[in-house]
Amino acid sequence: MMTQKSINRRTFLQVSTASALAVTAGLHCQKTLRRPNILFIMSDDHAYQALSCYNGQLNETRQIDRIAQEGVRFEQSFCTNSICAPSRATLLTGKYSHMNGQIDNSVRFDGSQVTFPKLLQAAGYQTALIGKWHLKSDPTGFDYWNILPDQGSYYNPDFIEMGMQSRRTGYVTDLTTDYALNWLKARKPDQPFCLLLHHKAPHRNWMPPTRYLPLLHFRQFPVPDNFFDAYATRSDAARQQEMEIGRHMMLQYDLKMPPLQENAQSAQGRRDQDYWRNDYERMTPEQRQAWDAGYQPVIEEFQTRKPQGRELALWKYQRYMEDYIATVTAVDENVGRVLDYLDDSGLTDDTLVVYTSDNGFYLGEHGWFDKRFMYEESLRIPVLMRYPREIQATVNRDDIMLNIDFAPTFLDYAGLHAPVGMQGQSLRGILSGHTPKDWRQSMYYHYYEYPGWHAVKRHYGVRTRRYKLIHFYHDIDAWELYDLRKDPHEMNNVYGNPDYQSVIPELKAELKRLQEFYQDTLS
Ligand code: SGN
């Protein structure tokens, strides 16, 4: 919650080694005697469509689904700026991008800010961050950190362990999990822990471990109905993006085809070759051998069929899905390893486990990959939470939750108040079945990274349960309105439709209210 409640002075003094932090946070009045461990697992670009617990038709995620079966699945969970570094900064600070400064991937995170790991650390938690970080500055607030530089590599990645960089042989999702398990095993058993376990996968360019390579080849994935979306009713923002599977997905780097003669002819083609060479050359000879053998059948099929036009776009979609899903399968398997560890060491009941993704992702909807847009597939994030002592199993929640809510939620479970300035709200009431009466009925979104990768124009907007109003700005001034009840796939922009003219002023008023409430003056 945004307001500060009374502080228990005695407890406060005990934990105030970092007193400035504790002052901003404040402590609950002994509300919580038992402080759970917190295990926060976040993947990169894991679309809810690729989780069987979200009724995804693409794959089975048996391990991740355990968290949903034994806990809560959020149905209306959203990020507030659908891109990596901003989402991570929002996670840490509980603030929108315009408040924590991390508006896009190019900014260096200001690690002197108040973050929930710092507050937990000051209150006696052992804190660790392992895996993707992407915030440029060194992590702060962690007793232990071991991160991938920048985006990291799938094969034989470098890790920066407490400032020391070295290369490890192996596959990134396995290695990240190994580090996490090692840290868990070596932690002090008498203090609660907070571990942020951040997978690189399934980020572009979707490289599966060689052990899964023959698994999915030639399986046909269902093609989204709007794969050949012509963006007919929309603004130029949808038409001018550069994230179409057909036009923008690269054959070598993204889809692992051999060098193509035509690639030498264009800048994009040369980039395709260079990027792929980088990844391929990182592999050991044994890895390369297994890789080549795994891809040979698809390469042969591609060379025989020589797909063109729409057939090529559909072929690319199938290839994309094969790799994306196999990469997710490795995440799932590794989540299982960590859940098993909790079970085996008797920690399950005392650990709040979260599974989520930094943002949503397109798996062919509108013909796209990547994220950024405020449309549903990239706005919505999977959020699963399990804490057997307090959260009833197998309950789904449709309260609107945002990634600004993670930080205040963790503080709440740890018996700490969210500091003034944190913009999210604790989900603890919702998780135990008591949604606060005044819980939000709409959400605010703002995306900034333009010009930039994938050419998605700057925009902000409001989403209610029924409508979504978006304003694209900067080198465009265009509004879009979707009636999500009638048009859940957002194919029909009704901004100019006479039937909706009375709704527009209400939504604009709500948008203005939210901008004022969250103090967003950047648009
Ligand atoms: C890279 C990817 C983009 C992706 C951005 C941001 N290109 O630049 O496709 O949108 O990262 O991703 S790549 O050719 O380098 O793979 S994010 O997860 O870091 O936000």
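**Group meeting talk: strands, a ligand and salt bridges**

Hi everyone. Let's begin with two strands: β1 and strand β9, which covers residues 351-357, run side by side in the parallel sense, with 7 bridges between them. Please keep in mind that what you see is a predicted model.

If you want a residue to find on screen, try Ile-41, which stands opposite Tyr-355 in β9. β1 has another neighbour as well: strand β8, residues 193-198, pairs with β1 in the parallel sense too, over 5 bridges. Ile-41 helps us again here, as its bridge partner in β8 is Leu-197.

Now, how many of the residues in β1 are buried? The strand runs over residues 37-43, and 7 of its 7 residues are buried. Here is a general point for anyone new to strands: in a regular strand, side chains alternate between the two faces of the sheet. You can follow this in β1, where Asn-37, Leu-39, Ile-41 and Ser-43 point one way. Ile-38, Phe-40 and Met-42 point the other way, and the residues of both sets are buried.

Let's move to the ligand. It is surrounded by 16 residues, and the closest are Gln-151, Tyr-253, Asp-370, Arg-372 and His-454. What kinds of residue make up this shell? The split is 5 nonpolar, 5 polar and 6 charged.

A few contacts are worth zooming in on. Arg-204 has a polar side-chain atom 2.9 Å from an oxygen atom of the ligand. For Trp-453, an N or O atom in the side chain is 3.3 Å from a ligand oxygen. With Asp-44, a polar side-chain atom lies 3.4 Å from an oxygen atom of the ligand. And how much of the ligand does the protein cover? On its own the ligand has 460 Å² of accessible area, and the protein covers 93% of that.

My last topic is salt bridges, and the structure holds 41 of them. I picked three to show you.

In one of them, the side chains of Arg-282 and Asp-158 meet, with N to O at 3.0 Å. Why is this pair interesting to look at? Arg-282 sits in helix α10, residues 267-282, while Asp-158 sits in strand β6, residues 158-161, so the bridge ties together parts that are 124 residues apart in sequence. Both partners, Arg-282 and Asp-158, are buried.

Next, take Asp-174 and Arg-211, whose side chains form a salt bridge at 2.9 Å, N to O. This pair links distant parts of the chain: Asp-174 belongs to helix α7, residues 172-186, and Arg-211 to the loop between β8 and α8, 37 residues apart. Are these two buried or exposed? Asp-174 counts as buried because its relative accessibility is 16%, and the cut-off for buried is under 20%. Arg-211 has 40% relative accessibility, so Arg-211 counts as partly exposed.

Finally, Arg-428 forms a salt bridge with Asp-412, where the closest N and O atoms are 3.4 Å apart. Arg-428 lies in helix α15, residues 428-431, and Asp-412 in helix α14, residues 406-413, so this pair ties together parts 16 residues apart in sequence. Here too, both Arg-428 and Asp-412 are buried.

Salt bridges can also share partners: Asp-45, Asp-370, Lys-371, Arg-372 and Glu-449 are joined that way into one network. You have met two of those names already, since Asp-370 and Arg-372 are among the closest residues to the ligand. Thanks for listening!

Note on methods. Residues numbered from 1 in each chain as written. Predicted model: local features only at pLDDT ≥ 70, side-chain atom pairs only at ≥ 80, totals over all residues. Heavy atoms only, no water. Near = heavy atom within 4 Å. Polar contact = N/O pair within 3.5 Å; in protein donor to acceptor, adjacent residues only side chain to side chain. Areas by Shrake-Rupley, 256 points an atom, 1.4 Å probe, with all protein chains shown as cover. Nonpolar A, V, L, I, M, F, W, Y, C, P; charged D, E, K, R; others polar. Buried < 20%, exposed > 50% of the residue type's maximum accessible area, 1.4 Å probe, protein only. Helix = DSSP H or I, 4+ residues; strand = E, 2+ residues; numbered from the N terminus. Pairing = 2+ DSSP bridges. Salt bridge = Lys/Arg side-chain N within 4 Å of Asp/Glu carboxyl O.
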